[in-house]
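This report introduces a single protein chain to a reader new to it. The sequence and the structure are shown first, and the description follows.

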Amino acid sequence: MTGTPIEVPEGFALSTVQREGERGRAWLATLPGLADELLRRWDCEPSEAVTHGQVGIVVPVRRRYDGTPAVLKISFPHPGNVHEPDAFTVWAGRGAVRLYERDDARFAMLLERAGAPSAPSADPEHSAHSLASVEDTDEAVAVAGRLARRLAVPAPAGLPRMSSLVAEWECELRDEDRELGSPLPARVVAAAIATVRELGRDQPETLVHGDLHFTNVLRSEREPWLAIDPKGYVGDPAYDSITLLRTRFEALLTSRPCSPRPTRGPPPCAALTYSPTPPRSTANAPGGGRRRGR
């Protein structure tokens, strides 16, 4: 035993049971023992109170042999979390936190520590140490954009291809239009579906973060900013732009006058508005697309 068992944050436990039911309750019961086993195996000791994200706990630790600060992350078993360690492995610390150890069967990783928890039960990703704390929208977008470019590297085999999600995206567009009472003209929905069909199936073999937003970028001593919580998707590097920018749409719209609209053809943002997959002309831009998974 490493000492006193870890204490699972109450809010995280409640949300997990609400979302996952009895399966979540059973998983929560195993967490203290699982964390203790991993801490012993990876020779770490807890250094601060347990924090959490939406689907996993984060235990701040120090590695016993050299005192290196790290975090033990254990996520609820879910398909959306499977390829996170694969992405970290490919990046090898370039623009993202380093992966020290992994246990894929337990959805657990020992990671380089970036940022810092702001309170014992708070989500460290939403603390003053994330890019979300930067009030200047232009600066925050520039930081995330540079990071996205660094993370867009040739993808290995075995990671999920976004091109395989095209049929799912089409169904979601139709289903959500129907569930919302068809608030948009039928021609707009048809244009969105046509854009998905045209652009979604032909995407580059490029590793992208898959869930890049301001709270998934943390301050670091090794580099100014590092990415966390990737999904490890393969496709157009523009995928993350809408996920990144949607949290600050209002600020972006009011920050400066828009560029003049071309006299012929749709505005450049039209395909981004219609579709979760961005136009090919933005293939080298940082990000684009609708957020998927958890």
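In this predicted model, residues 24 or more positions apart account for 71% of the contacts in the protein chain with a separation of 6 or more. Of the 294 residues of the chain, 48% count as buried. The accessible surface of the chain comes to about 14700 Å², and carbon and sulfur atoms hold 54% of this area. The protein chain contains 9 helices and 11 strands.

**One sheet and its helix**

Strands E7, E8 and E11 form an open sheet of 3 strands in the order E7-E8-E11, with antiparallel pairing. The edge strands, E7 (153-154) and E11 (233-234), each pair on one side only. Between E7 and strand E8 (residues 206-208), which run antiparallel, there are 2 bridges. Pro154 stands opposite Thr206 in E8. Helix H3 (residues 84-91) packs on the sheet, where it touches E7 and E8, and the direction of H3 makes about 115° with that of E8.

**Confidence of the model**

The average pLDDT of the protein chain is 84, and 81% of the residues score at least 70. Two stretches with pLDDT below 50 are listed below, with their contacts beyond near neighbours in sequence.

| Stretch | pLDDT | Contacts in the model |
|---|---|---|
| Residues 117-126 | below 50 | 25 contacts |
| Residues 261-294 | below 50 | 94 contacts |

Where pLDDT is low, predicted coordinates should not be read in detail. The contacts listed for residues 117-126 and for residues 261-294 belong to stretches with pLDDT below 50.

Conventions:
Residues are numbered from 1 along each chain as its sequence is written. This is a predicted model: local features need pLDDT of at least 70, side-chain atom pairs count only at pLDDT 80 or more; totals for chains, interfaces and linings use all residues. Side-chain values use heavy atoms; hydrogens and water are left out. Two strands pair if DSSP finds at least two bridges between them. Helices (H or I, at least four residues) and strands (E, at least two) are DSSP runs, numbered from the N terminus. Contact means heavy atoms within 4.5 Å. Axes are lines fitted to C-alpha atoms, for helices over the stretch in contact, and angles run from 0 to 180 degrees between N-to-C directions. Buried means under 20% relative accessible area, exposed over 50%, partly exposed in between (1.4 Å probe, protein chains only). Accessible areas come from the Shrake-Rupley method with a 1.4 Å probe; for residues, only the protein chains shown count as cover. pLDDT is the predictor's confidence in each residue, from 0 to 100.
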